[in-house]
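Please examine the fold of this protein, beginning with its sheet and ending with its nonpolar interior.

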Amino acid sequence: MTHATKSPSPSATRSSLTCGELLVQWLEYYGVETVFGIPGVHTVELYRGLPNTKIRHITPRHEQGAGFMADGYYRASGKIGVCFIITGPGMTNIMTAMAQALADSIPMLIISSINKVKDTGSGEGHLHELHDQQGMVSKVALTSKTIWQPESLPKVIAEAFALFNGARPGPVHIQLPIDIITADASHVEKPPRSNTSADHVSLPQIMRPLPNPAQLDLIIESLKTAKNPVLLYGGGCIDVDQDAQKLAELIDAPTFLTINAKGLLPPRHPLSLGSNQSLAAGRAVITEADWVLAIGTELGETDYDVFFNGGFHINGTLIRIDCDAAQLQRPFRADIAVLGDAQLAISGLCARLKGQAFNHQALDHKALSRVNNAKQALLKEITPNFAGQNALLQLIRDEVEDVIFVGDSTQPVYSGNLGFEALSTRRWFNSSTGFGTLGYGLPAAIGAMIGSKVPVVSLIGDGGIQFTIAELICAAELELPLIVLLWNNQGYGEIRRYMEEGGLPLIGVNIKTPSFEPLAAGFGAGYRRITDKQQLLDALKTDTKGKQPIIYEIDESDAFLTEMGKDFACFT
């Protein structure tokens with residue numbers, strides 16, 4: 001059990017500074033503002049020093065929720081989320097969230113306890129004991145380390161933030177035996193104290209590798225013979241400035257964005273084909289390209305083959321730029337592979353391209369006609385359901401300023417991944433990419449709202465929300481006006497359709513759906529059954545300025561969605 005009633009006996013004389021107290025000082029030094037955690041008898045001493053810092057503590061209702069909150073917190077704000085997690089069951093609970101973060105290259109720091117030094121690995125049945133906690137967790141983390149003595153603390157924390165800032169990011173796990181958390185650390189190195197008003201001025205500046213200039217020159221040379229270039233941007237470009245748009249224009253290439261790169265180009269940009277690389281018309285543009293530049297994207301299935309039919313192919317010269325050397329040759333082998341930071345590589349290419357003209361640009365801007373032809377073909381693939389769901393998302397986007405959509409694995413998310421256009425980056429993300437877990441949408445939306453302090457809409461189905469619905473009371477406790485757009489298709493609708501199409505028996509998908517109105521009230525949240533476009537508009541004006549989360553329940557068969565879909569237009 002995570003919360004035992006009996007606490008370990010305190011030592012007769014407590015240290016003037018424990019390792020746990022020093023740890024939170026170092027976290028504050030590295031810019032940590034928020035910790036997500038559920039205190040337990042093994043971790044309570046991590047909390048002793050928190051009141052002496054500016055770090056805010058958020059209490060989710062399950063450790064998986066803590067991990068999802070830290071994930072959404074980073075995606076919306078760019079700030080590292082930290083989780084304090086109990087030995088054993090707390091770590092097994094959070095591993096799903098860590099796996100999602102690892103798949104999507106989302107940094108988070110998981111700090112956990114472990115049994116006393118003498119008891120670790122003993123197999124004697126101590127409270128929360130695992131056979132090999134570090135070995136287990138290391139499979140869903142960039143690295144997992146144990147602090148066996150207080151003197152190691154500053155170095156291990158520094159290594160974690162070096163990974164976040166200098167490599168392909170992901171979750172990092174640090175564990176401390178419970179007797180090391182309480183050990184004397186008064187002699188251990190303390191964080192430097194700044195003499196200026198600027199925060200963290202003495203932080204070590206660790207950056208991702210600079211791209212090799214000779215390789216950037218080689219990319220430009222290879223472009224000279226291209227007739228049909230294409231540009232693919234991934235989530236690794238999320239913080240690239242206006243140079244991302246400039247590069248597309250200088251190359252004069254049709255440009256695709258992965259789901260996590262939405263917003264990098266404006267919706268109406270004439271070269272943008274959005275996130276439609278899994279649709280036949282989008283794929284044709286890439287297949288016919290003789291030169292493909294992929295930056296900050298792993299070229300993974302959940303962005304380029306979302307229908308899992310194996311139809312995505314790259315036939316032209318492939319140039320890849322990524323901060324992860326291992327990723328540069330998988331799943332597609334690159335002809336030119338550049339290890340480096342996306343921003344520096346893109347700005348370097350822009351500088352080299354300025355004032356140059358290429359063969360493909362002399363063909364009367366053939367790129368524009370390729371994009372327009374693809375857009376016309378994409379329009380023919382739009383179904384009424386697809387149009388209605390995207391019209392709903394567009395309406396909310398245009399009505400609620402700076403809104404962030406945080407999605408689960410649910411039908412409006414699948415449709416929006418293709419047809420929705422974000423107005424800027426960090427405004428659309430969900431768990432259908434990478435690991436593809438259910439239950440992400442609600443706690444990740446809470447984390448996003450804490451980190452960004454802007455309106456957030458959680459997109460989640462009636463099946464998915466049952467995984468983590470307890471986190472609704474956390475949002476109520478924090479007085480967050482979170483909009484939970486609940487897509488009700490009476491069970492696991494997407495899997496049900498998949499089984500129907502495959503001629504499979506419908507087992508396990510027609511689950512009982514709760515009555516969400518009294519359930520919301522029990523969690524301290526509001527509730528609306530949305531059945532009309534104007535009703536939705538009126539509700540958004542008041543509810544996004546309120547002090548409680550609120551569920552907007554929408555049935556997938558509602559007629560107003562079909563009506564809205566009649567006016568839907570892509571790429572707007």
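The paragraphs below consider the sheet, the helices that lie across it, and then the nonpolar cores. The model is a predicted one.

The sheet is open and contains 6 strands, arranged in the order β2-β1-β3-β4-β6-β5 with parallel pairing. At its edges lie β2 (56-58) and β5 (143-146), each of which pairs on one side only. From one strand to the next, the twist averages 20°. At the β2 edge, strand β1 (residues 34-37) pairs with β2 in the parallel sense over 3 bridges. Within this pairing, F36 of β1 stands opposite I58 in β2.

Two helices may now be placed against these strands. Helix α2, formed by residues 63-77, lies across β1, β2, β3 (81-85) and β4 (108-114), and runs at about 170° to β3. Helix α3, formed by residues 89-103, lies across β3, β4 and β6 (171-177), and its direction is at about 160° to β4.

What, then, are the residues with the most contacts inside the largest nonpolar core? This core has 85 residues, and the residues in question are L27, F84 and L109. A second, separate core of 54 residues includes L279, V285, W428 and L540. In soluble globular proteins, nonpolar side chains tend to be buried together.

L109 merits a closer look. Leaving aside residues up to four places away in sequence, L109 touches L27, I80, G81, V82, C83, A160, F161, F164, V172 and I174. L109 belongs to β4, whose range is 108-114. Among the residues that L109 touches, G81, V82 and C83 fall within β3 (81-85), while V172 and I174 fall within β6 (171-177).

Technical notes. Residues numbered from 1 in each chain as written. Predicted model: local features only at pLDDT ≥ 70, side-chain atom pairs only at ≥ 80, totals over all residues. Heavy atoms only, no water. Core = buried A, V, L, I, M, F, W, Y, C linked by side-chain atoms within 4.5 Å. Buried < 20%, exposed > 50% of the residue type's maximum accessible area, 1.4 Å probe, protein only. Contact = heavy atoms within 4.5 Å. Pairing = 2+ DSSP bridges. Helix = DSSP H or I, 4+ residues; strand = E, 2+ residues; numbered from the N terminus. Axes fitted to C-alpha atoms, helices over the stretch in contact; angles between N-to-C directions.
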